[in-house]
Amino acid sequence: MKVRLKAYGLLKSLTGELPGALDISGNTLGDLVSFLGRKYGQKVKDELLDEKGELDFSYAFFVSGERRSNKNAELKEGDEIVITNMLGGGESPG
Amino acid sequence: MLTRKIAFIDLTTRKITKQEIPREWREKYIGARGINMLLLYSMVKADTDPLGPDNPLIFGAGLATGVPGFGNSRFNITARSPDTGNLGDSNCGGHFGPELVYAGFHHLVITGKSDKPVYLLITDDNIQIKDASKIWGKNTWETQVAIRQETGDPDLRIAAIGPAGENLCRAANVMTDVKDAAGRFGMGAVMGSKKLKAIAAHGSKDLALAHPQAFLDYFKEQGDALLARKWTKAMKRFGTPLLVAPADTGGWLLSHNDTVSLGEDMKKLYAEKFDEHSLGMASCSACLVHCRARYHIKEGKFAGARGQGPEYGAIGEFGVNTAVLDPAAVIYVSQLCNEAGMDVMEAGFMMGFAMELYEKGIITKADLGRSLDWGDTDGMIALVEDLIARRGFGDVLADGPSCLKRLPPEAAKYMTLIRNGPIAAVGGRVVKSFVFSQAVSTIGGHPHRSRPGTDVLRLPADFLEKFYGGPVSPDYKDYLGKARMVWWHELLYAICDAGGFCRFQTAFNTPNAPAWDEFSKYIYLTSGMDMPVAKLKEVAERMWTTERLLLDRFGVGTREYDMAPEQWYDVPVPAGSAAGEKLDRDKWREMQDEYYQLHSWDKNGVPTPQTVERLQIKPVSIGG
C-alpha cells in the first residue's frame, strides 16, 4: 500500500531524508513502524515504540491530519503520515 | 548548603548587611523563589512604585543550586513588575546562580537607588559596590567582558542589564552569559531604575554537603536514568525548537498576532531549519542534557551573527507570530535582544501587535517612519532596535502593556493580555490546561509556573487518574481534570524552583522524570533537611498562597483576573488541525471553582484566613 511519510525531529536524524512515498505491507501504524524498522534499522523501531511495544507517547503520529495513538490505527491508500517528537513544554524557562 | 547567607544591600546609603538565613525560612520556603516571595511579601506595599527605590530587587539561588543534580543551575529574581504592575518573578539558568552560591550567598535583597551607575562584586563572603560609570551604555556581552578585564578575574560570572534595562524598557531582562535570561516581566528595568548595571560573582567556598557519598551514588543513578530517556535524547539533539513541529501539527501555534494559521509555511520554522545554522549544543552549569543550540550564521544577509538560542518561545513570537519565516532572521533578532537585555517574548509579542495595528490602520507610516506588513523582516528588526533605544514608535512599545495609554482606544482589543502580562506564544484556545495555567499564573500571561507539558501526550486515562489523583481527560482539548493538572504541576514546579532544579528535568515533558520522591531524597542527601513529600507539598502550597496574597495586595488576586483574553472565548481557531476551537465560559468557571478548592482558597480565589493560618504565612522583619 502506498502512503506518504513526513518525519521531523529525532526520527529524521535517524532515517536521514525520507523518500516521501513508501510502499508498505500491511495497513496499520504498527505495520508502518515495522516497515521503517526493516528499512532503517532496529534503532528506528526502538525509538518509536515503548518497552511494551506500543507507540511511544514521546512521539505524535498524525494520519492525514488526525492524531492517532494506537498501533492498530488503520491506514489507507494515499494517507499522509506525520511523525514528530511530542514534547509538551512551552518555551524556555524564563 | 545551609551555611549560605543573605545580604541586604541599600544602594542609596551603600550600607550592606549580611546575615544567616533563619532555619525557619528554609523549613517553610526552602530557597530561591520561595524565600524571595517571603521577602517580597514582607517588604512590598500596595502602592510601591515598581521603578522606585522602595521596590526590593531580590535575587535568590535555589537550595541546591551549584550542586550537580537535576539541572541545578537556577536562580530567581523577584520584585514588583514594572511591566505588568503586579508580581514579577523570573527564573534563570546558566552559571551565575552557582557562582553566587560558591561565593557564599543564596539571597541578595537590593533596595534604594544609587546616584551613579554601580555594579556589585561578590567574592568569598565579600560584597563591594563598584563604580560602573565606564560600563553604563555597554550591551550585556560587552559588560561581562569589561568587568572581567577591569577586575582581572576571567572566572567571574555576571548578571547584567543592557541598554534595554538602562532605558527602563518595561520588559527588560537581566542577562547572564551568552543568552541566559531572567526574563518576561522587567526585572532588568527594576535593576536599571536602581542604576545597578551588574552583579559579578566568583567564589570558592565549600558546599558542605550533608551526605556526600550517598549523594554521589544517587546522582549517578539519576543521571544514568536521565540520559536513557527519549525526550533527553531529543532535547540534546535539537533543544526547544523541536516544540515547533508538535505545536504546529497540534494546531495551537498561530500567526498574525495570534489570529491566523500559517499552514505549510510553518515548516520553514521547524527545528531542522534552525539546525542548518547550529554549531552544536551547550548547557547550563553541571547539566547533563545540553538543550541549547549554539548558532553561527555563515552566509546571507545575517552572515556573521552568532549566539545561543533562540528557544521555542522566541521562534513562536519573532517567527510565527510576525510571519517572518526566516530562521536566520529569528536567530539574528533574538541575539539583538539578548545583547540589549530585552525580553525576546515581549519584543516579539509587540512586533505582532504593531503589525496588526498597522494592518488595521490604527498606526500608519507616519507613526512608524516606514511600512510594517506581516512578514516584514527589515521592518521588524528596525522596530525592535527602536524599542530597545526608545526611539520613535519603539518608545511607545517599550512601555509594555501601559503603551495602550499612548495609543487610540481601539488598539486595546489587539493586545492579548492575562493579568496585564502579554501572553506567550501558545495559541491559547486549544490546549485547555495550557491556557488555564497562564490565566492563574501569578506573574501574568506566562505558562511556565505550572504548564503540564504532559497534557498533550495522550497518556491513558487510567494512568492520568493515578498520576494526578483524580480524573483527567487524555484529550488536551477537553476540560475535565485540567484544573487539577495545573494545580499538581504548580506545586511540583514551586519546589523545583525553590530547590534550584530545572523544569526540563522534572515531570514536565514526560511523567517518567524526577518528581516528589526524588526531590525529597535529594534535598535530604545534599542539605540534611528532612523534607518528606507531604512537607514539600505544604511548602509548595505556602509558596502559591503567599504569591496569591501578593496579587490580592496588588488588586489583581480575584477570579475576574484569572481569565483568558476575551477573544479566546469568542473567536475560534481559523484553520489547521484545531480549527473551530475556542474557550467555553461555563466550563472555564468550573475549572476555576475546582482550582480554588484544591488550593483551599475561597470562591473568589482569595486565600481564606484559615488557609493562611494553617500555612503559617506571616511577614518577617527585615534586618537590613
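The following conversation concerns the contact between two chains and some features within each chain.

Reader: What kind of model is this, and how are residues and chains labelled?
Author: This is a predicted model, in which local features need pLDDT of at least 70 and side-chain atom pairs count only at pLDDT 80 or more, while totals for chains, interfaces and linings use all residues. Residues are numbered from 1 along each chain as its sequence is written, chains are lettered from A and ligands numbered from 1 in the order in which they are written, and side-chain values use heavy atoms, with hydrogens and water left out.

Reader: How many residues of each chain are in contact?
Author: Chain B contributes 47 residues and chain A contributes 29, contact being heavy atoms within 4.5 Å.

Reader: And what area is buried between them?
Author: About 3100 Å², with carbon and sulfur atoms giving 63%; buried area is the accessible area (1.4 Å probe) that two parts lose on being put together, summed over both. In chain B, the residues that lose the most area to chain A are B:Lys230, B:Leu457 and B:Arg458, together 20% of what that side buries.

Reader: Which residues form the salt bridge across the interface?
Author: A:Asp56 and B:Lys230 do, with their closest N and O atoms 2.9 Å apart. The rule finds one salt bridge across this interface, defined as a side-chain nitrogen of Lys or Arg within 4 Å of a carboxyl oxygen of Asp or Glu.

Reader: Which helix of chain B gives the most to the side that touches chain A?
Author: Helix 8 of chain B does, with seven residues. Helices (H or I, at least four residues) and strands (E, at least two) are DSSP runs, numbered from the N terminus.

Reader: Turning to chain A, which strands pair with strand 1?
Author: Strand 1 (residues 2-7) runs antiparallel to strand 2 (residues 21-23), joined by three bridges, and A:Lys2 has A:Asp23 as its bridge partner. Strand 1 also pairs with strand 5 (residues 80-85) of chain A in the parallel sense over four bridges, where A:Leu5 stands opposite A:Ile81. Two strands pair if DSSP finds at least two bridges between them.

Reader: Back to chain B, what does B:Lys535 pair with?
Author: B:Lys535 forms a salt bridge with B:Glu27, the closest N and O atoms being 2.3 Å apart. B:Glu27 lies in helix 1 (residues 23-29) of chain B and B:Lys535 in helix 21 of chain B, 508 residues apart.

Reader: What follows helix 21?
Author: Helix 21 of chain B is followed by B:Gly555, whose phi is positive, near 85°.
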